[in-house]
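Good morning, colleagues. Please look at the sequence and the structure on the screen while I go through the main points.

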Amino acid sequence: MLEILFEDDDLIAINKPHGLLVHKSSIAADTSEFALQLLRDQIGKKVYPAHRLDRKTAGVLLFSLNKEMDSAIQTAFSQNLIKKEYLAVLRGHTEPEGTIDYPLKKENGTIQEALTHYKTLAQTEIDLPFGKFQTSRYSLVLAEPQTGRMHQLRRHFAHIFHPIIGDRPHGCNKQNKLWKDTFEHDTMLLHAKKIQFKHPINQQDIIIEANIQPEFQRALDLLNINSF
């Protein structure tokens with residue numbers, strides 16, 4: 001059963017697990033379970049994905065319950081009227097806060113402006129040898145993308161040399177292998193924590209939050225990050 005975070009007559013939100021595709025895709029022909037179909041069967045209603053989360057990303061995933069809301073909420077996303085917050089575990093120690101203003105290229109070659117703000121919530125150093133170092137450093141950050149480009153957070157954090165742990169292909173393959181070999185952990189540590197927006201129908205302020213999934217919590221436990 002999917003965890004339902006919010007529901008009214010027009011919208012419904014779930015806490016998507018890591019590894020679950022939003023809907024059928026040609027890139028994952030071997031997959032038989034999708035968030036859209038699972039939620040539809042669970043509530044007995046047709047649902048429309050209001051936005052996308054990467055397969056590897058967990059957290060708040062919003063759906064519309066009718067075509068009118070689908071059009072309205074997708075417009076809100078496209079106009080960046082939806083405030084989004086993510087949690088991510090990154091390689092290395094990040095600055096206390098920062099802004100990544102780095103345009104990203106689409107598959108067709110088009111350049112798009114892309115802007116991400118982040119704040120460091122915790123830093124840690126554990127006894128895990130890596131390369132010439134006897135320890136490994138990591139940071140837990142809260143990220144607020146101001147634009148919604150494909151793989152924006154993954155590409156932005158790789159750009160500043162603090163890739164997300166478990167990210168492929170944008171992350172650090174050696175670090176990802178280290179985690180898999182040492183901890184049997186290959187989950188991408190990116191979680192859609194919160195979305196906030198004005199309801200297109202009744203104009204109420206809507207805030208939807210999702211707790212981190214067990215795989216993310218296990219990573220924080222391994223890193224001795226107990227509070228943030």
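Let me begin with a definition: in what follows, two residues are in contact when heavy atoms of theirs lie within 4.5 Å. Please also bear in mind that this is a predicted model.

I shall start with His18 and its surroundings. His18 sits in the loop that runs between β2, residues 11-16, and α1, residues 35-43. Is His18 buried or exposed? The relative accessibility of His18 is 12%, and therefore His18 counts as buried, the limit for burial being under 20%. Setting aside neighbours within four places in sequence, His18 is in contact with Arg55, Lys56, Thr57, Ala58, Thr187, Met188, Leu190, Gln213, Glu215 and Phe216. With Met188 there is also a polar approach: the His18 side chain comes to 3.4 Å from the backbone oxygen of Met188.

One of the contacts of His18 is Ala58, and I should like to turn to that residue. Ala58 belongs to strand β4 and is buried, its relative accessible area being 0%. If residues up to four places away in sequence are not counted, Ala58 touches Lys16, Pro17, His18, Leu53, Leu190, His191, Ala192 and Gln213. As for distances, 23 Å separates the C-alpha atom of Ala58 from that of Lys198, a residue 140 places away along the chain.

Now to the chain as a whole. DSSP runs give five helices and twelve strands. The radius of gyration is 18 Å, close to the 17 Å that the globule rule gives for 228 residues, so the chain is as compact as a globular protein of that length. Along the principal axes, the C-alpha atoms fill a box of roughly 55 × 40 × 35 Å. Of the 228 residues, 48% are buried. Taking contacts between residues at least 6 apart in sequence, 62% join residues at least 24 apart. The accessible surface amounts to about 12,000 Å², and carbon and sulfur atoms account for 47% of that surface.

Next, the interior. Which residues touch the most other members of the largest nonpolar core? They are Phe63 and Phe157, in a core of 26 residues. Two or more residues of this core come from each of β2, α1, β4 (58-64), β5 (83-91), β10 (136-145), α3 (152-159) and β11 (190-198). A second core, separate from this one, has 19 residues, among them Ile126, Leu128, Leu142 and Phe216. Phe216 has already appeared in this talk as a contact of His18.

Helix α3 deserves a closer look. Its buried residues are Gln152, Leu153, Arg154, His156 and Phe157. Against what do the buried residues of α3 pack? Their partners are β5, β6 (97-101), β7 (104-105), β9 (115-126), β10 and β11. After α3 comes Phe161, with a positive phi near 65°.

Within α3, Phe157 has a relative accessible area of 0% and is buried. Leaving out residues up to four places away in sequence, Phe157 touches Leu90, Ile100, Tyr118, Val141, Ala143, His162, Pro163 and Ile164.

That brings me to the aromatic rings, for which the count comes to three pairs. In one of them, the ring centres of Tyr118 and Phe157 are 5.8 Å apart and the planes meet at 70°, so the pair is edge-to-face. This pair links distant parts of the chain, with Tyr118 in strand β9 and Phe157 in helix α3, 39 residues apart. Tyr118 has 9% relative accessibility and so counts as buried.

Trp179 and Phe183 form a further pair: their ring centres lie 5.1 Å apart with planes at 70°, so this pair is edge-to-face. Why are these two residues separated by about one helical turn? The reason is that they are four residues apart in helix α4, residues 173-183. In general, an α-helix has 3.6 residues a turn, so residues three or four places apart point the same way. Trp179 and Phe183 are both buried. Together with Tyr138, they form a cluster linked by ring pairs.

I close with Ile4, in strand β1, residues 3-7. Ile4 has 33% relative accessibility and therefore counts as partly exposed. Apart from residues up to four places away in sequence, Ile4 touches Ile12, Ala13, Ile14, Gln42 and Ile43. Between Ile4 and Ile43 the C-alpha separation is 10.0 Å, at 39 residues apart in sequence.

Technical notes: Residues numbered from 1 in each chain as written. Predicted model: local features only at pLDDT ≥ 70, side-chain atom pairs only at ≥ 80, totals over all residues. Heavy atoms only, no water. Buried < 20%, exposed > 50% of the residue type's maximum accessible area, 1.4 Å probe, protein only. Polar contact = N/O pair within 3.5 Å; in protein donor to acceptor, adjacent residues only side chain to side chain. Core = buried A, V, L, I, M, F, W, Y, C linked by side-chain atoms within 4.5 Å. Rg over C-alpha atoms; globule rule 2.2 N^0.38 Å. Areas by Shrake-Rupley, 256 points an atom, 1.4 Å probe, with all protein chains shown as cover. Phe/Tyr/Trp six-rings, centres within 6.5 Å; stacked < 30°, edge-to-face > 60°.
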